[in-house]
Amino acid sequence: MSVWAIVVAAGSGSRFGGPKQYERLGDRRVLDWSVAAARSVCKGVVLVVAGERVGEAEPDVDAVVAGGATRSASVRAGLAAVPADAEVILVHDAARPLAPTALWRAVVDAVEAGNDAVVPAVPVTDTIRRQSGGTVDRSDLLAVQTPQGFRADVLRRAHASEGEGTDDASLAEAAGCVVTVVDGEPTNLKITTTDDLAMAEARLR
Ligand code: CTP
Ligand code: MG
């Protein structure tokens, strides 16, 4: 099947203190790791960056487009640049540079096997407490990662109503689609704070 990826890299990194996806990690930038992983399993890659960065040379991508004010708006901008004949579309946070190729492959395989929407997820290991009081039963909780994979028409439908969510599976689910979970990878950390970048550095070494 024709598999495309959208790598979203248009965030401002407010919790990090700057656009973390352009920080150095090993011998390249955070977003270069994400693009390289996408490239290794997908036929095409659309990179979504902040408006002022459109026009900067980005290796190994088929299109660079300007993102929006929210993650969901950025995904929609990327989606508009994915060719109409794409059959499977993966959406990935540039801020997850360590997602292994095997995980990308597993997500693609699960969509190609007939699932409409596929998310990698790992069990929650911390005890979770509500700010309003009370501990949540963590046995029912999963921490969801990217890349998330979709049948192309499912992802387009999920975004048709211009909804907002912190990921795409939640929009697909809201649009009535069944979300399938595959095993995530505990090492697939999302860089949110400067400590996370240090952790990713340590993992690479
Ligand atoms: N993202 C995006 N467009 C936005 C917001 C986020 O493309 N308007 C991307 C980020 O660049 C990141 C991914 O979505 O790769 C996940 O978002 P997050 O980790 O929250 O990054 P930021 O929004 O940049 O960080 P913060 O929430 O701390 O501001
Ligand atoms: Mg954010």
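A polar contact here is a pair of N or O atoms within 3.5 Å. With that cut-off in hand, welcome to a few close-up views of this predicted model.

**Figure 1. Polar contacts to ligand 1.** Let us start with Ser-74, where a polar side-chain atom lies 2.7 Å from a nitrogen atom of ligand 1. Two backbone partners join the view: a backbone N or O atom of Ala-10 lies 2.8 Å from an oxygen atom of ligand 1, and a backbone N or O atom of Gly-13 also lies 2.8 Å from an oxygen atom of the ligand. Taken alone, ligand 1 exposes 560 Å², and the protein buries 88% of that area.

**Figure 2. The shell around ligand 1.** Stepping back a little, we find 19 residues surrounding ligand 1. The closest are Gly-13, Ser-14, Lys-20, Ser-74 and Lys-190. By class, this shell divides into 6 nonpolar, 8 polar and 5 charged residues. Strand 1, residues 3-9, supplies at least two of the shell residues, and so does helix 2, residues 71-79.

**Figure 3. The largest pocket.** Here is the home of ligand 1, which sits in the largest pocket. The volume of this pocket is about 720 Å³. Its lining is made up of 31 residues, and those nearest the centre are Gly-11, Arg-15, Lys-20, Arg-71 and Lys-190. Which element gives the largest share of the lining? It is helix 2, with 3 residues. Strand 1 is represented too, with at least two lining residues. Sorted by class, the lining has 8 nonpolar, 15 polar and 8 charged residues.

**Figure 4. A cis peptide bond at Pro-147.** This view turns to the backbone, where a cis peptide bond joins Thr-146 and Pro-147. Omega for this bond is about 10°. To find the spot, look in the loop between strand 10 (142-144) and strand 11 (148-151), where Pro-147 has its place.

**Figure 5. Positive phi at Asp-60 and Glu-162.** Two loop residues share this last legend. Asp-60 has a phi near 70°, a positive value in a residue other than glycine. You will find Asp-60 in the loop between strand 4 (44-49) and strand 5 (63-66). Glu-162 has a phi near 55°, again a positive value in a residue other than glycine. The loop that holds Glu-162 runs between helix 4 (152-160) and helix 5 (169-174).

Notes. Residues numbered from 1 in each chain as written. Chains lettered and ligands numbered in written order. Predicted model: local features only at pLDDT ≥ 70, side-chain atom pairs only at ≥ 80, totals over all residues. Heavy atoms only, no water. Near = heavy atom within 4 Å. Polar contact = N/O pair within 3.5 Å; in protein donor to acceptor, adjacent residues only side chain to side chain. Areas by Shrake-Rupley, 256 points an atom, 1.4 Å probe, with all protein chains shown as cover. 1 Å grid on protein atoms, 1.4 Å probe; cavity = no way out; pocket = protein on both sides within 12 Å on 5 of 7 lines; lining within 4 Å. Sits in = over half its atoms within 2 Å of the grid points. Helix = DSSP H or I, 4+ residues; strand = E, 2+ residues; numbered from the N terminus. Nonpolar A, V, L, I, M, F, W, Y, C, P; charged D, E, K, R; others polar. Points joined across faces, edges and corners; volume = space filled by probe spheres on them.
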